[in-house]
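Student: I would like a close look at a single part of this model. Please take one strand and work outward from there.

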Amino acid sequence: MDDDLLARLRRFHTDSFPAYESTFRTLVSEGQHPSTLFIGCSDSRILPHLLTGAGPGELFLVRNVGGFVPPFDGSSGYHGTAAAIEFATLNLGVQRIVICGHSHCGAIRSLYGEPDEEAHHLKVWLDLGRDAMLPVAEPSPEALRRTEQRAVILQLERLMDYPMVRRRVEQKRLTLHGWHYVIEDGQVDVFDVQRGRFIPSTESAHSGTGPYPDPPPDAGQSATAP
Ligand SMILES: [Zn+2]
């Protein structure tokens, strides 16, 4: 049987790796210092490195169905995404966290449909997007897009419940960025908290803002040492 995957691995080793060899060796000897935690949907059409032009060592990636952020409460189960947020923030000291949703998201569409009875975990996981739903039985393409964007904001808000994230945002050591990638247009719309909506990156003055443009008034008192 023709093993296409094996052929690709060999091509990587012989054709692609040499150009990156010194970069990877430095990243091994000096360790990784990624600037950005990228939390995105697992959808195969989202290519974080292509979107951002990032190279090796720049992005710490978390991909999951919907690009969701679980609550910080740690009430049950294994929290892979929560653990990654903690690691990226506390150990790697990332300076940015991107939440990237996208058009035609299957996870968001699934919110309006009947889940597969066998998908126990998926059914529960999708709860993380339900607060973004609009009160419509059969969502139009526009309603789906709005739900996708609302879900991004919902995850940004949930991120701020992580004490180590909130503290760094308040100390201006960390910025949060909400993105909605429109696959068919090659356009990333970035959330602008001042204007309360998503703006095409081609028109925006920034790469997205989190739920709060500035630290809350009591940030100075509540902030503690990292
Ligand atoms: Zn998706």
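Tutor: Take strand E4, residues 175–182. Of its 8 residues, 6 are buried, so E4 is largely enclosed by the rest of the structure. A residue counts as buried when 20 or more other C-beta atoms lie within 10 Å of its own. Keep in mind that this is a predicted model. The mean pLDDT of the protein chain is 92. Residues at 70 or more make up 92% of the chain. One stretch to treat apart is 215–226, where pLDDT stays under 50. For that stretch the model has 7 contacts beyond four places in sequence.

Now the partners of E4. On one side is E3, which runs parallel to E4 and is joined to it by 7 bridges. His-102 shows the register: its bridge partner in E4 is Tyr-181. The other partner is strand E5, residues 187–192. Here the pairing is antiparallel, over 4 bridges. His-180 stands opposite Asp-189 in E5. The hairpin of E4 and E5 has 4 residues between the strands. In that hairpin Gly-186 takes a positive phi near 60°.

Step back to the sheet. It is open, with 6 strands in the order E2-E1-E3-E4-E5-E6, and the pairing is mixed. The edges belong to E2 (59–64) and E6 (197–200). Each has a single partner strand, so one side of each is left without a neighbour in the sheet. From one strand to the next, the twist averages 25°. Strands of a sheet pair through backbone hydrogen bonds, either parallel or antiparallel.

Move along the sheet from E4, past E3. Strand E1 (residues 36–41) pairs with E3 (residues 96–102) in the parallel sense, over 5 bridges. Thr-36 stands opposite Arg-96 in E3.

What leads into E4? The loop between H7 and E4 holds Lys-172. Lys-172 has a positive phi of about 60°, although it is not a glycine. It is exposed, because just 10 other C-beta atoms lie within 10 Å, and 12 or fewer is the cut-off. A similar case sits after E3. His-104 lies in the loop between E3 and helix H4 (106–111). Its phi is also positive, about 55°, and His-104 is not a glycine either. With 15 other C-beta atoms within 10 Å, His-104 is partly exposed.

Now follow H7 itself. Helix H7 (residues 163–170) meets helix H3 (residues 80–91), and their axes come within 9 Å. They cross at roughly 40°. The two helices are therefore oblique to each other; angles under 35 degrees would count as roughly parallel. The crossing of H3 and H7 is left-handed. Ile-85, Glu-86, Thr-89 and Leu-90 form the H3 side of the meeting. From H7 come Met-164, Val-165 and Arg-168.

For a contrast with E4, look at Asp-15 in helix H1 (residues 4–29). Asp-15 counts as exposed, because it has 9 C-beta neighbours inside 10 Å. Asp-15 and Ile-46 are 31 residues apart in sequence. In space, their C-alpha atoms are 24 Å apart.

Back to the strand you asked about. E4 has 6 of its 8 residues buried. It pairs in parallel with E3 and in the antiparallel sense with E5.

Technical notes: Residues are numbered from 1 along each chain as its sequence is written. This is a predicted model: local features need pLDDT of at least 70, side-chain atom pairs count only at pLDDT 80 or more; totals for chains, interfaces and linings use all residues. pLDDT is the predictor's confidence in each residue, from 0 to 100. Two residues are in contact if their C-beta atoms, placed from the backbone, lie within 7 Å. Two strands pair if DSSP finds at least two bridges between them. Axes are lines fitted to C-alpha atoms, for helices over the stretch in contact, and angles run from 0 to 180 degrees between N-to-C directions. Angles under 35 degrees count as roughly parallel, over 145 as roughly antiparallel, 65 to 115 as roughly perpendicular and the rest as oblique. A crossing is left-handed if the near helix is turned anticlockwise from the far one by less than a right angle, and right-handed if clockwise.
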